[in-house]
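Me: Hi! I'm new to this one and would love a friendly walk through it. Could you help me find my way around?

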Amino acid sequence: MNENQTGQVTQNAAETYEEFLVPAIFQEWTERLVDAAQIKEGQHVLDVACGTGVLTRAVARRVGMKGSVTGLDVNEGMLAVAERKAPQIQWKHGRAESLPFDDNRFDAVVSQFGLMFFGDRSTAIREMSRVLVPGGRLAVAVWDKLENSPGFAALVALLERLFGAQTAEALSAPFSLGDKEALLPLFHDANLEEIQVTTIAGTARFASIRSWVFIETKGWTLGNSIDESQYQHLLEEAERELQPYVISDGTVEFRIPAHIVTASKK
């Protein structure tokens, strides 16, 4: 995988990600993951691929002072923002495929929209299972298929038309595990039971088309893919082609469903 496919960003991009992309598409999923993992007060929880920590902070609120949560990410730019936002939480640099924790360490492990970017997804899931206590709960969220998120499908198509397939692939990569038939087998060799997948409707919301394009290019992986003149050209084309996703108040809104996979360690 290249940097676009693995979700690597600079710290500047991580700042934009936290300020704009988190409220636009990620925030609404945090309580859903916390509930899916059945997290309770006093538990010890690991958030894998924590990014800037939106889910980690939600877990911290649920476990309270008697519990603990650790956020792990491979991206140092993301972790720097996470630590600034919540210095009281333990943040750790590391890879999902080789978690730096002992066996049977955590009551629950969660991962929100990170699995798609792991180099070895099956190994990462086995690692998440390894660090769970017996009976511990796993909850992993991935986006549904690209075609089920019409706004992003349209933006990907626009990027491909303007700049080619490689640039468009950076934005389509987050939807690479939307096929449940490809997703579920990743969990079958990880000492897990009661494996279930639930598809939940979500909504992406942006202040405007211009804001949406800015966030996706400057706050995610496209910043290194297009130069300033290309960015301006993209804005001009997007204002025309993405109008179907502008609602009556001038903001942008469209559906973006996701799968939540849950399981318990044997």
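Reply: Happy to! Keep in mind that this is a predicted model. Let's start with a pair of helices: α7 (residues 150–163) and α8 (residues 165–172) pack at an angle of about 160 degrees, and their axes lie 7 Å apart.

Me: Which way do α7 and α8 run relative to each other, roughly parallel or antiparallel?

Reply: Roughly antiparallel. Angles over 145 degrees count as that, and the crossing of α7 and α8 is right-handed. On the α7 side the contact involves F152, L155, V156, L159, E160 and F163, while α8 brings A165, T167, A168, L171 and S172.

Me: Nice. What order do the strands of the sheet come in?

Reply: The order is β3-β2-β1-β4-β5-β9-β6, in an open sheet of seven strands with mixed pairing. At the edges stand β3 (90–93) and β6 (192–200). Each has a single partner strand, so one side of each has no neighbour in the sheet.

Me: And how much are neighbouring strands turned against each other?

Reply: By 15 degrees on average, ignoring direction.

Me: Let's zoom in. How do β1 and β2 run, parallel or antiparallel?

Reply: Parallel: five bridges join β1 (residues 44–48) to β2 (residues 68–73). As one example to look for, D47 has G71 of β2 as its bridge partner.

Me: Which strands does helix α4 touch?

Reply: α4 (residues 54–63) packs on the sheet and touches β1, β2, β3 and β4. The direction of α4 makes about 170 degrees with that of β2. Another helix, α5 (residues 76–85), lies across β2 and β3 and runs at about 170 degrees to β3.

Me: How many residues of α4 are buried?

Reply: Seven of the ten, so α4 is largely enclosed by the rest of the structure. The buried ones are V54, L55, T56, R57, A58, V59 and V63. Just after α4 you reach G64, which has a positive phi of about 70 degrees.

Me: Back to the sheet. What does β4 pair with?

Reply: β4 (residues 106–112) pairs with β5 in the parallel sense over six bridges, and with β1, also in the parallel sense, over three bridges. V109 is a handy residue to click on: L46 stands opposite V109, and in β5 the bridge partner of V109 is L138. Six of the seven residues of β4 are buried, so this strand is largely enclosed by the rest of the structure.

Me: What about β5, how many of its residues are buried?

Reply: Nine of the twelve residues of β5 (residues 132–143) are buried, so β5 too is largely enclosed by the rest of the structure. You can also find F106 standing opposite L132 in β5.

Me: Which helix does the chain pass through between β4 and β5?

Reply: Helix α6 (residues 121–130). The β-α-β crossover from β4 through α6 to β5 is right-handed.

Me: And how does β5 pair with β9, parallel or antiparallel?

Reply: Antiparallel, over seven bridges, with β9 covering residues 258–265. There, V142 has H259 of β9 as its bridge partner.

Me: Changing topic: how do helices α10 and α11 cross?

Reply: At roughly 145 degrees, with the axes of α10 (residues 209–218) and α11 (residues 228–241) coming within 10 Å. The crossing is right-handed. From α10, I209, R210, V213, F214, T217 and K218 meet E228, Y231, L234, L235, A238 and E239 of α11.

Me: Is α10 mostly covered or exposed?

Reply: Mostly covered, as seven of its ten residues are buried. Those are I209, S211, W212, V213, I215, E216 and T217.

Me: You mentioned a positive phi at a glycine. Which residues other than glycine have a positive phi?

Reply: Two to look at are Q38, with phi near 55 degrees, and E194, with phi also near 55 degrees. Most residues other than glycine have a negative phi.

Me: Where are Q38 and E194 found?

Reply: Q38 is in the loop between α3 (30–36) and β1, whereas E194 lies in strand β6. Q38 counts as partly exposed, at 42% relative accessibility. E194 is exposed, with a relative accessible area of 53%.

Notes
Residues are numbered from 1 along each chain as its sequence is written. This is a predicted model: local features need pLDDT of at least 70, side-chain atom pairs count only at pLDDT 80 or more; totals for chains, interfaces and linings use all residues. Side-chain values use heavy atoms; hydrogens and water are left out. Buried means under 20% relative accessible area, exposed over 50%, partly exposed in between (1.4 Å probe, protein chains only). Helices (H or I, at least four residues) and strands (E, at least two) are DSSP runs, numbered from the N terminus. Two strands pair if DSSP finds at least two bridges between them. A crossover is right-handed if, with the strands pointing away from the viewer, the path from the first strand over the helix to the second runs clockwise. Axes are lines fitted to C-alpha atoms, for helices over the stretch in contact, and angles run from 0 to 180 degrees between N-to-C directions. Angles under 35 degrees count as roughly parallel, over 145 as roughly antiparallel, 65 to 115 as roughly perpendicular and the rest as oblique. A crossing is left-handed if the near helix is turned anticlockwise from the far one by less than a right angle, and right-handed if clockwise. Contact means heavy atoms within 4.5 Å.
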